[in-house]
Amino acid sequence: MTKPARTTDTPLVGGDSDRDGAARSGGAVRPGDAAGRPGPEPAAPRLAVAPRLLARAREAARAALPAEACGLLLGRVDGERTLVQRLESTRNATASPAEDTFEVHPEDYLRLDALARSLGLDVVGVWHSHPDSAARPSRTDLERAWPGWSYLIVGRAAHDDAHERSWRLDDDGRFVEERLVTAGEAPAPRTTQPTILR
Ligand SMILES: [Zn+2]
């Protein structure tokens, strides 16, 4: 997608051997602090979002078929935890929306960025759907991703096994998975698979 304030063309693409960028268990490796102290157990990045918001994304994803749906996440970032308070749909500005691509319409971005500010929130991420493929970022998703934002994907949106996963760029410009947790609740005990809310 296009973020109007972008001022650099520095690519964020990770190595080809890690194109999916996925730490499947959410095991993003975080460095210790600058003094090298081990510090507390590093918190895995996680996205706190209410189930009703995920349901809204899934509904919008179905409504957009066969194209990808997209929109913005408004909320707050608190360390490794991002709290989503609003999930908004936007127009998909891509010329060929049936392709595996999306772009949040710039006018919608500006409108929702203003809305977020008026509510004391920030744009904290983007959501979009994959009609047929799983909720893993595509190469295009990686190339267009922004540091610090969450990328929530509704995978298999046209199918009965639709599901959501969320991703964030690490310091090396690769996607790592964020665990989805229910807003307002402590994260579930770590398992080998991320928590998927339904
Ligand atoms: Zn995608």
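Here are some friendly notes on the fold, taken element by element.

1. Please keep in mind that you are looking at a predicted model. The protein chain holds 3 helices and 7 strands. Read from the N terminus, its elements follow the order β-α-β-β-α-β-α-β-β-β.

2. The centrepiece of this note is a barrel. It is closed by 7 strands in the order E1-E3-E2-E4-E5-E6-E7, with mixed pairing. From one strand to the next, the twist averages 35°. Helix H1 (residues 51-64) packs on the sheet, where it touches strand E2 (70-78), strand E3 (81-90), strand E4 (122-129), strand E5 (150-155) and E6. The direction of H1 makes about 30° with that of E3.

3. As a reminder, the strands of a sheet pair through backbone hydrogen bonds, and they can do so in parallel or antiparallel fashion. Both senses turn up around E5. With E4, strand E5 pairs in the parallel sense over 5 bridges; with E6, it runs antiparallel, joined by 6 bridges. E5 is also mostly covered, with 5 of its 6 residues buried.

4. You can follow a chain of bridge partners across this part of the barrel, residue by residue. Start at Val126, whose bridge partner in E5 is Tyr151. Tyr151 in turn has Trp167 as its bridge partner in E6. From Trp167, the next step leads to Glu177, its bridge partner in E7. That last step belongs to the pairing of strand E6 (residues 163-169) with strand E7 (residues 175-181), which is antiparallel and spans 4 bridges.

5. Now back to H1, beginning with its length. At 1.5 Å a residue, its 14 residues should span 20 Å, and the end C-alpha atoms are indeed 20 Å apart, so the two agree. Its buried residues are Leu53, Leu54, Ala57, Ala60, Ala61 and Ala64. Because they cover an arc of only 120° around the axis, they sit on the same side of H1. Arg52 and Ala63, on the other side of the helix, are exposed. The cover over the buried residues of H1 includes E2, E3, E4, E5 and E6.

6. Helix H2 (residues 106-118) can be read in a similar way. Its 13 residues reach 18 Å from the first C-alpha to the last, close to the 18 Å expected at 1.5 Å a residue. Which residues of H2 are buried? They are Tyr109, Leu112 and Ala116. These cover an arc of only 75° around the axis, and therefore lie on the same side of H2. The other side of H2 carries the exposed residues Glu107, Leu110, Ala114, Arg117 and Ser118. For the buried residues of H2, the cover includes E2, E3 and E4.

7. One backbone detail deserves a look while you have H2 on screen. Gly120, just after the helix, takes a positive phi of about 75°.

8. Finally, two figures for the protein chain as a whole. It has 198 residues, of which 36% count as buried. Among its contacts between residues at least 6 apart in sequence, 63% join residues at least 24 apart.

Note on methods. Residues are numbered from 1 along each chain as its sequence is written. This is a predicted model: local features need pLDDT of at least 70, side-chain atom pairs count only at pLDDT 80 or more; totals for chains, interfaces and linings use all residues. Two strands pair if DSSP finds at least two bridges between them. Helices (H or I, at least four residues) and strands (E, at least two) are DSSP runs, numbered from the N terminus. Axes are lines fitted to C-alpha atoms, for helices over the stretch in contact, and angles run from 0 to 180 degrees between N-to-C directions. Two residues are in contact if their C-beta atoms, placed from the backbone, lie within 7 Å. A residue is buried if 20 or more other C-beta atoms lie within 10 Å of its own, exposed if 12 or fewer, and partly exposed in between; C-beta atoms are placed from the backbone. The expected span of a helix is 1.5 Å times one less than its number of residues. The arc is that of the directions from the helix axis to the C-beta atoms.
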